[in-house]
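Hello,

Here is the structure I promised to pass on. Please open it and keep it beside you while you read my notes.

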Amino acid sequence: MKTLIIYASHAGYTRECAEKIASYLVKEATILDIENMAADFNVEPYAKIIIGSYVHAGRIASKIKRFLKKYQPLISQKKIAFFLSCLSKDNFGKYLRQNIPTPLLNQALSKTHVGAAVYYEKLNPLERFMLKKITGRNQSFSVPENDNIRRFAEEIANL
Ligand SMILES: Cc1cc2nc3c(=O)[nH]c(=O)nc-3n(C[C@H](O)[C@H](O)[C@H](O)COP(=O)(O)O)c2cc1C
């Protein structure tokens with residue numbers, strides 16, 4: 001059974017999580033940055049599709065949203081799971097509901113919050129300014145949810 005992990009990462013943390021999830025899976029998974037996805041990408045060979053995104057201002061990456069819309073009829077026949085990288089643990093459920101079509105969310109066999117990282121050197125000046133204000137922190141930092149990541153990967157492996 002082939003597994004696809006498709007993700008969007010603005011500053012790199014969601015990519016790290018996609019790679020970590022893949023490393024926990026016993027069978028090899030294809031990892032695809034949505035930025036590199038061909039317009040005619042074929043999801044047909046994959047039985048499991050894991051979708052991950054960062055959250056900016058309450059929204060997941062627009063390319064992931066478009067992917068879900070375009071591929072919904074195909075994805076709805078697959079085993080799917082979602083992970084989100086965001087600072088707010090409390091809003092994780094809300095972000096899922098506000099960004100992912102309800103039928104896909106209901107169909108998902110697993111959903112997890114993978115934690116977050118703020119890599120200031122990867123942000124533009126406005127983003128840097130905003131995040132420093134919101135977090136009160138001047139240095140890059142990460143708040144990984146390693147247990148969630150491991151549990152999520154185990155669940156996917158057992159699907
Ligand atoms: C411009 C900007 C807006 C953000 N907005 C939110 C938000 O609304 N809620 C939240 O929980 N985290 C928010 N975050 C935190 C990111 O989701 C978090 O840092 C994430 O791990 C980034 O993933 P990436 O390194 O793959 O881009 C924001 C980060 C940035 C840079």
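Ala 57 is exposed, because just 5 other C-beta atoms lie within 10 Å, and a residue counts as exposed at 12 or fewer. Keep in mind that this is a predicted model. Look for Ala 57 in the loop between β3 and β4 (59-60). Check its backbone too: phi of Ala 57 is near 50°. That is a positive value in a residue other than glycine.

Next, helix α6. It runs over residues 146-157, which makes 12 residues. From first C-alpha to last, α6 reaches 17 Å. That is close to the 16 Å expected at 1.5 Å a residue.

Which residues of α6 are buried? They are Ile 149, Phe 152, Ala 153 and Ile 156. These four cover an arc of only 100° around the axis, so they sit on the same side of α6. The buried residues of α6 pack against β1 (2-8), α1, β3, β5 (79-85) and β6 (110-113). Now turn the helix round. The face away from the buried side carries Asp 147 and Glu 154, both exposed.

Last, the ligand. There are 24 residues around it. Which come nearest? His 10, Tyr 13, Thr 14, Tyr 54 and Cys 86 do. Several elements each supply at least two residues of this shell: α1 (13-24), β3 (46-56), β7 (115-118) and α5 (125-135). By type, the shell divides into 14 nonpolar residues, nine polar and one charged.

Best wishes

Methods:
Residues are numbered from 1 along each chain as its sequence is written. This is a predicted model: local features need pLDDT of at least 70, side-chain atom pairs count only at pLDDT 80 or more; totals for chains, interfaces and linings use all residues. A residue is near a molecule or strand if its C-beta atom, placed from the backbone, lies within 6 Å of it. Ala, Val, Leu, Ile, Met, Phe, Trp, Tyr, Cys and Pro count as nonpolar, Asp, Glu, Lys and Arg as charged, and the others, Gly among them, as polar. A residue is buried if 20 or more other C-beta atoms lie within 10 Å of its own, exposed if 12 or fewer, and partly exposed in between; C-beta atoms are placed from the backbone. The expected span of a helix is 1.5 Å times one less than its number of residues. The arc is that of the directions from the helix axis to the C-beta atoms. Two residues are in contact if their C-beta atoms, placed from the backbone, lie within 7 Å.
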